[in-house]
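Got the viewer open? Load the model, switch to cartoon view, and keep the selection box handy for this tour.

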Amino acid sequence: MGQTYKATGINLKGSPMGESDRLLTILTREFGLIRAVVPGARKPNSQMGGRGGLFVVNELLIQKGRSLDKIAQAETLESYPGLSRDLGKLAAGQYLAEVVLCQALSEQPQEELFCLLNEHLSRIEQLPNAGEGAMSVPVLAHLTHGVYHLLALAGIAPQVQSCSITQHQLIPDFTAPDWRVGFSIAAGGTVSLPEKRRLEGPGSGPVIELQRSASKTTKFDISQAGFKAGIETRPEKISALKSIAIGNKVAETTNNSYRTLIHPERPVKIDTQLNAVELALLQQLAEPQILWPQAGLSHLPTQNTETAWVAVERILRQYAQSQFDRSIRSAALIDSYFASLPISP
């Protein structure tokens, strides 16, 4: 008998294999992402059949194989049957699983990712089942909350509390109907539109400057970051560029005796504009818990937050797809599901 090992894992993906087997993609606490075969899982009355279901958490005994490992034993610790009883919840769970598959690592512990996914699946399962209309919107809100937390765990969550260009705090203005804030995938999050216009106005040409009292000047071209740099520094200080060559950002920082001024070579692309309600909901995503139904916006009409959640999920989806450089196919189920519901315009 070959070598065996134990792991606790949640099934994220499954597919038929051979005449009666099932191939599972599993996120484990101890070893990250693994693929393993469940022998005979598709046979009638197989004891392993239910344990190979989507989102089932098992204590596993796994036998090492030459090409694929095999699950020798499985004891179910947790499952989320409520997800399969509601189409919106099931689509949301598959969406989260796909995001996890984009970022999970193999052959190393994934404790935090494992726990975070289970936490958000549990929250979605415990929501009321969709009735009519807006009763389904909490699923979308909790899905978006979960996606943001997964991005945050990966270190790639968008900046939502302040302007990605100036780092100035952004406060939604509910008193001005036409108030808007930009969202730029390239810049990494929210962008103040007045600050963007000011910085990209006449005379704001592309430049990176590191100023100090040294007399020696060296010129460099950082083409991969889209900058052309004129730098007053010594050659050994070039490593300081690592902190500023981060895309089309505008910033002013102080590093010992250096003052750094960065202007974009090209204008920052705004992918969409968010109103005050949408920004407020986007900023809520960074919190440990999401407040529903109004996310702390009880003074606003309910339909405002219903449509705002749809907009927030869409922009976060675009951002995640850009970061992972792949589409989230499960999102099509979310679009189809919510398109059939009479959510207030």
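Strands, as the word is used here, are DSSP runs of E at least two residues long, numbered from the N terminus. One thing before we click: this is a predicted model.

**Stop 1: Thr8 and its partner**

Select Thr8, which sits in strand β1, residues 4–17. Is Thr8 buried or exposed? Its relative accessibility is 8%, so Thr8 counts as buried. Now show side chains and add Glu59 to the selection. The side chains of Thr8 and Glu59 are joined by a polar contact of 2.9 Å.

**Stop 2: from Glu59 into the paired strands**

Stay on Glu59 and look across to β5, where its bridge partner is Glu75. Next, colour β4 (residues 57–63) and β5 (residues 69–78). How many bridges pair β4 with β5, and in which sense? There are 7, and the pairing is antiparallel. Follow the chain from β4 to β5 and you'll trace a hairpin that connects them through 5 residues.

Add β3 (residues 32–38) in another colour. β3 pairs with β5 too, in the parallel sense and over 2 bridges. To find a spot where they meet, pick Ala36 and then Asp69, its bridge partner in β5.

While you have side chains on display, here's a handy rule: in a regular strand they alternate between the two faces of the sheet.

**Stop 3: Thr76**

Still in β5, click Thr76. With a relative accessibility of 37%, Thr76 counts as partly exposed. Then draw a distance from the C-alpha of Thr76 to that of Gly9: you should get 9.8 Å, although the two residues are 67 apart along the chain.

**Stop 4: two odd backbones in one loop**

Move to the loop between β3 and β4 and select Asn45. Asn45 isn't a glycine, yet its phi is positive, at about 65 degrees. Turn on the surface and you'll find Asn45 exposed, with a relative accessible area of 80%.

Phe55 also belongs to the loop between β3 and β4. Here again is a positive phi in a residue that is not a glycine, this time about 70 degrees. What does the surface do at Phe55? At 2% relative accessibility, Phe55 counts as buried, whereas Asn45 is exposed.

**Stop 5: helix α2**

Select residues 87–103 to bring up α2, a helix of 17 residues. From its first C-alpha to its last it reaches 25 Å, close to the 24 Å expected at 1.5 Å a residue. Of those 17 residues, 13 are buried, so α2 is largely enclosed by the rest of the structure. Zoom in on the start of the helix: there, a side-chain oxygen of Asp86 comes to within 2.9 Å of the backbone nitrogen of Gly88.

**Stop 6: the cavity**

How many cavities of 30 Å³ or more does a search of the whole structure find? Just 1. The space in the largest cavity comes to about 30 Å³. To see what surrounds it, select Leu140, Val310, Glu313, Arg314, Ile334, Asp335 and Phe338, which line it. Then colour α7 (302–324) and α8 (331–339), each of which supplies at least two residues of that lining. Finally, colour the lining by class: it has 4 nonpolar and 3 charged residues, with no polar ones.

Terms used: Residues are numbered from 1 along each chain as its sequence is written. Side-chain values use heavy atoms; hydrogens and water are left out. Helices (H or I, at least four residues) and strands (E, at least two) are DSSP runs, numbered from the N terminus. The expected span of a helix is 1.5 Å times one less than its number of residues. Buried means under 20% relative accessible area, exposed over 50%, partly exposed in between (1.4 Å probe, protein chains only). A polar contact is a pair of N or O atoms within 3.5 Å; within protein, one must be able to donate a hydrogen and the other to accept it, and residues adjacent in sequence count only if both atoms are side-chain atoms. On a 1 Å grid over the protein atoms alone, a cavity is a set of points where a 1.4 Å probe fits but cannot get out, and a pocket is an open set with protein on both sides within 12 Å along at least five of seven lines; lining residues have an atom within 4 Å of a point. Grid points are joined across faces, edges and corners, and a volume is the space filled by probe spheres set on the points. Ala, Val, Leu, Ile, Met, Phe, Trp, Tyr, Cys and Pro count as nonpolar, Asp, Glu, Lys and Arg as charged, and the others, Gly among them, as polar. Two strands pair if DSSP finds at least two bridges between them.
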